[in-house]
Structure formats: structure tokens, C-alpha cells
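Colleague: I should like to learn how to read the features of a model such as this one. May we proceed step by step?

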Amino acid sequence: MSIIERLSSLDFKEKLESWNYTLLDIRTTQEQLIFWVISENQIHIDIYKANAIEEMQKLPKEGKYLIYCYHGNRSQQVLSLMKELWFEEAYDLIWGIDELKSL
């Protein structure tokens, strides 16, 4: 059974601090330069690039993922895609990195 859910900033931060998840930043490179990255120890897949789905398919499906973007719209789309691709556990940050930074 897979666990694919959207999380509030507080719940996302709690999972992030547990260090049991792979962090997946799906923003553009330009967005990363303008607005902070949560961790240097993360996977970056620019969802607007032509090979984004191929890059996601390379990820282990049994992994545990925390997904974020700038406002939460793209991460929600990626979460749905991960469900279709049969990933076992993934969560996205509902309101994006801007909301998380305010904590």
C-alpha cells in the first residue's frame, strides 16, 4: 500500500527533521538561485525540462520522498505523478517553500 499525501508546513518540517526522507526540489534552477534551497543534500529535478519524467522514473520506487516547489502547485502535480508511477511513499508541501521558510 502506498502513502501519497499533502502535508502542512509543520508536518513537512517534522518529517524533514527526521532525516528518513529524500528531499526532492522540483523548482527551476533560476528559482533555486532566487529563493533558498532547504538543503544541499537533495535531488533537483526541474519539472519544466523535457527529461523530468525520465529523471523521476530513475528514482527508487521504494524510497520515501518529500517534494517541494515554490508555491505547492507543481509539487502537487508531481505527487500525483508519483502515485501513478507506483512510488511507495511521498509527501508534498502544500503551500510551498515560502510557507516553510516562515516557520
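Colleague: How many bridges join strand β4 to β5?

Modeller: In this predicted model, strand β4, residues 64-68, is joined to β5 by four bridges, and the two strands run parallel. Within this pairing, I67 stands opposite D92 of β5. Between the two strands the chain passes through helix α4, residues 73-84, and this β-α-β crossover is right-handed.

Colleague: In which sense do β1 and β5 pair?

Modeller: Strand β1, residues 3-7, pairs with β5 in the parallel sense, over five bridges. One bridge to follow on the display is that of L7, whose partner in β5 is L93.

Colleague: Which residues of β5 lie on one side, and which on the other?

Modeller: The general idea is that side chains in a regular strand alternate between the two faces of the sheet. In β5, E89, Y91 and L93 lie on one side, while A90 and D92 lie on the other; all of them are buried, and both faces are thus covered.

Colleague: Why is β5 described as largely enclosed by the rest of the structure?

Modeller: Strand β5 spans residues 89-93, and five of its five residues are buried, so the strand is largely enclosed by the rest of the structure.

Colleague: Is R74 buried or exposed?

Modeller: The cut-off for buried is under 20% relative accessible area. R74 has 10% relative accessibility, and therefore counts as buried. This residue has its place in helix α4.

Colleague: Which residues does R74 touch?

Modeller: Leaving aside residues up to four places away in sequence, R74 touches I26, R27, T28, E31, I47, Y48 and C69.

Conventions: Residues are numbered from 1 along each chain as its sequence is written. This is a predicted model: local features need pLDDT of at least 70, side-chain atom pairs count only at pLDDT 80 or more; totals for chains, interfaces and linings use all residues. Side-chain values use heavy atoms; hydrogens and water are left out. Buried means under 20% relative accessible area, exposed over 50%, partly exposed in between (1.4 Å probe, protein chains only). Two strands pair if DSSP finds at least two bridges between them. A crossover is right-handed if, with the strands pointing away from the viewer, the path from the first strand over the helix to the second runs clockwise. Contact means heavy atoms within 4.5 Å.
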